[in-house]
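Here is a protein to explore together. Take a moment to look at the sequence and turn the model around before reading on.

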Amino acid sequence: MKQNERHMNKELLRKLPKIDELTNNEKITGFLDNITREQISIKARQVVDKMRKDILAGNITQASEVSFAAAVDALAESLMEDCNSLRRVVNATGVVLHTNLGRANLCASAKQAVNDVCSAYSTIEYDPAAGRRGSRHSHVEELITSLTGAEAAMVVNNNAAAVMLAMATLGRGYEMIVSRGELVEIGGSFRVPDIMAESGVTLVEAGTTNKTKISDYEKNINENTKALMKVHTSNFAIVGFTEEVSVKELKALGQKYDIPVIYDVGSGLLADLEPYGIQEPGVKKGLEDGADVILFSGDKMLGGPQAGIIAGKAEYIAQMKAHPLARVLRVDKMTLSALEATLKEYQSPENALKNIPVLRELTASKSELEEKACALKQVIEDACGFAKAEIVMDEGIVGGGSAPLVRLENPVLAVECEGKSANELEEYLRAGKVPVIGRIRNDKLVLDVRTIFEEDYEIIGEKFGKL
Ligand SMILES: *Cc1c(COP(=O)(O)O)cnc(C)c1O
């Protein structure tokens with residue numbers, strides 16, 4: 001080995017991080033919810049030993065490769081091996097429909113239904129009464145039609161799939177008309193014009209961004225027009241000098257020219273949340289107003305599993321069921337069992353509000369939230385002598401591209417910990433087997449109790465206890 005290489009090795013070896021500094025880092029101590037300090041130290045030693053060997057073998061030649069940050073990352077990665085990548089988190093953001101955190105939580109009956117069918121054989125495509133093959137669609141169709149008033153219904157992978165199937169079935173090779181104000185993008189990967197193009201339908205834009213009149217639709221109708229489409233602008237609002245065409249107006253126009261109305265309503269609201277200040281277009285109303293086909297998500301305000309629900313006129317649903325894409329976009333038994341159980345909750349509106357987590361969280365009263373905040377404050381301060389949790393008012397949002405103008409009144413906890421910055425605390429809570437996801441506001445860590453379950457208190461308490 002050359003003299004200067006040996007010299008460089010020495011430099012690098014001197015830079016190797018110290019074990020106790022590594023194990024005390026916020027990204028690492030967060031894992032204490034899963035394993036002990038001793039086990040973490042053993043893993044830390046293994047990480048640093050490996051770095052030492054790599055330096056001596058000449059595999060590491062850059063100081064950046066032995067930096068403290070690199071060692072923390074390597075150690076965190078090694079600790080992660082004991083956790084699943086897809087795992088539960090505590091949602092302390094207050095965003096009820098958080099797309100990155102899995103949108104709706106299933107209600108207890110849905111969880112039970114999934115549990116019952118997922119590790120056993122099931123009636124997914126079998127009719128036990130007749131003793132022969134049954135239809136996958138049969139399990140939820142009647143529930144959907146009785147809850148919404150539609151003639152027929154089917155379920156696909158998500159609402160994006162529902163839109164695609166409806167367009168491809170009813171309009172491939174032809175034209176559909178959509179208002180310019182409703183050419184929305186949702187969640188970065190769902191864009192109405194793109195889905196339309198993929199479905200083989202030519203998009204015809206009507207009106208302008210802020211104003212579309214029924215005459216704008218009518219002007220664009222020709223012999224190639226296969227549908228008049230309305231898309232709910234779920235995740236934004238245009239205010240001021242605006243005008244949009246209602247489903248009722250579209251229906252009247254559709255009847256004049258014998259063209260169906262397709263309505264992508266987005267959120268799939270089946271409950272009445274108006275008394276709680278949440279106004280989103282409901283599915284039933286959309287159908288009553290005259291939509292021939294209505295499309296919505298299963299895991300937004302409906303509060304069920306990821307799914308896309310298509311409901312409406314039997315003749316159109318029958319065509320969609322027979323389309324080859326229906327097989328491509330179909331859902332499995334876990335989805336169907338969860339959806340069936342969730343929909344059954346809606347047979348009694350009180351049950352739905354009480355048992356479906358999304359609805360329960362959205363309709364929680366201020367005093368209920370204050371009580372939760374008080375209880376969690378106690379848990380945190382009891383667990384950690386140098387933590388201070390203060391109840392303050394903040395604004396929450398519905399999330400998941402739903403009801404963008406609704407601001408939820410929220411008592412939340414603003415937490416401070418002596419000797420730790422808000423960022424350090426946030427990072428600490430985010431690490432480990434059950435990450436706790438909060439947000440930072442005014443240099444304090446904010447935990448929003450609206451989306452925290454009572455079962456989560458123990459997890460949060462344990463984390464603060466190990467700070
Ligand atoms: C959310 C949404 C979609 C996409 O639904 P996914 O279930 O996420 O695929 C489509 N259209 C509208 C109007 C939406 O709000």
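Is Arg52 buried, partly exposed or exposed? Arg52 has a relative accessible area of 35%, which makes it partly exposed. Keep in mind that what you see is a predicted model. We'll come back to Arg52 and its partner shortly.

**The whole protein**

Let's zoom out for a moment. The protein is built with 20 helices and 17 strands. Computed along the principal axes is not how you'd see it on screen, but the C-alpha atoms fill a box of roughly 85 × 60 × 60 Å. Of the 467 residues in the protein, 50% are buried. The outside adds up to about 22,500 Å² of exposed area, and carbon and sulfur atoms supply 48% of it.

How does the chain touch itself? Take the contacts with a separation of 6 or more: 75% of them are between residues 24 or more positions apart.

**Salt bridges**

How many salt bridges does the structure hold? The count is 31. Here are three of them, with the gap given from N to O.

| Pair | N to O distance |
|---|---|
| Arg52 and Asp49 | 2.9 Å |
| Arg136 and Glu125 | 2.8 Å |
| Lys230 and Glu244 | 2.5 Å |

Start with Arg52 and Asp49. Both sit in helix 4 (residues 37–56), and because they are three residues apart there, about one helical turn separates them. Asp49 is partly exposed, with a relative accessible area of 36%, and Arg52 is partly exposed too, at 35%.

Next comes the salt bridge between the side chains of Arg136 and Glu125. Arg136 lies in the loop between strand 3 (132–133) and helix 7 (138–148), while Glu125 lies in the loop between helix 6 (108–118) and strand 2 (126–127), so the pair ties together parts that are 11 residues apart in sequence. Arg136 counts as buried, at 14% relative accessibility, whereas Glu125 counts as partly exposed, at 25%. These two aren't on their own, either: a network of salt bridges links Glu125, Arg133, Arg136 and Arg330.

The third pair is Lys230 and Glu244, whose closest N and O atoms are 2.5 Å apart. This pair links distant parts of the chain, 14 residues apart: Lys230 is in strand 9 (residues 225–231), and Glu244 is in the loop between strand 9 and helix 11 (247–257). Is Lys230 buried or exposed? Lys230 counts as buried, because its relative accessibility is 6% and the cut-off for buried is under 20%. Glu244, on the other hand, is exposed, with a relative accessible area of 56%.

**A look at Thr212**

Glu244 also turns up around Thr212, which is in contact with Glu244. Where is Thr212? Its place is in the loop between strand 8 (202–206) and helix 10 (214–219). Thr212 counts as buried, at 1% relative accessibility.

Which residues does Thr212 contact, leaving aside its neighbours within four places in sequence? Among them are Ser179, Arg180, Gly181, Tyr217 and Val245. There is also a link to Thr208: its backbone oxygen lies 3.3 Å from a polar atom of the Thr212 side chain.

**A four-stranded sheet**

Now turn to the later part of the chain. Four strands form an open sheet there, in the order 13-14-17-16, with antiparallel pairing. Strand 13 (387–396) and strand 16 stand at the edges with a single partner strand each, so one side of each is left without a neighbour in the sheet. From one strand to the next, the twist averages 40°.

How many bridges join strand 14 to strand 17? Strand 14 (residues 408–417) and strand 17 (residues 444–447) run antiparallel and are joined by three bridges. If you want to find the matching positions, Leu413 stands opposite Leu447, and Ala414 stands opposite Val446.

On to strand 16 (residues 439–441), which is also joined to strand 17 by three bridges, again running antiparallel. Here Ile440 stands opposite Leu445. Strand 16 and strand 17 form a hairpin with two residues between them. One residue in that turn is Asn442, which has a positive phi of about 50°.

Finally, what lies across the sheet strands? Helix 18 (residues 366–383) lies across strand 13, strand 14 and strand 17. Helix 18 runs at about 10° to strand 14.

Methods
Residues numbered from 1 in each chain as written. Predicted model: local features only at pLDDT ≥ 70, side-chain atom pairs only at ≥ 80, totals over all residues. Heavy atoms only, no water. Pairing = 2+ DSSP bridges. Salt bridge = Lys/Arg side-chain N within 4 Å of Asp/Glu carboxyl O. Buried < 20%, exposed > 50% of the residue type's maximum accessible area, 1.4 Å probe, protein only. Axes fitted to C-alpha atoms, helices over the stretch in contact; angles between N-to-C directions. Contact = heavy atoms within 4.5 Å. Areas by Shrake-Rupley, 256 points an atom, 1.4 Å probe, with all protein chains shown as cover. Polar contact = N/O pair within 3.5 Å; in protein donor to acceptor, adjacent residues only side chain to side chain.
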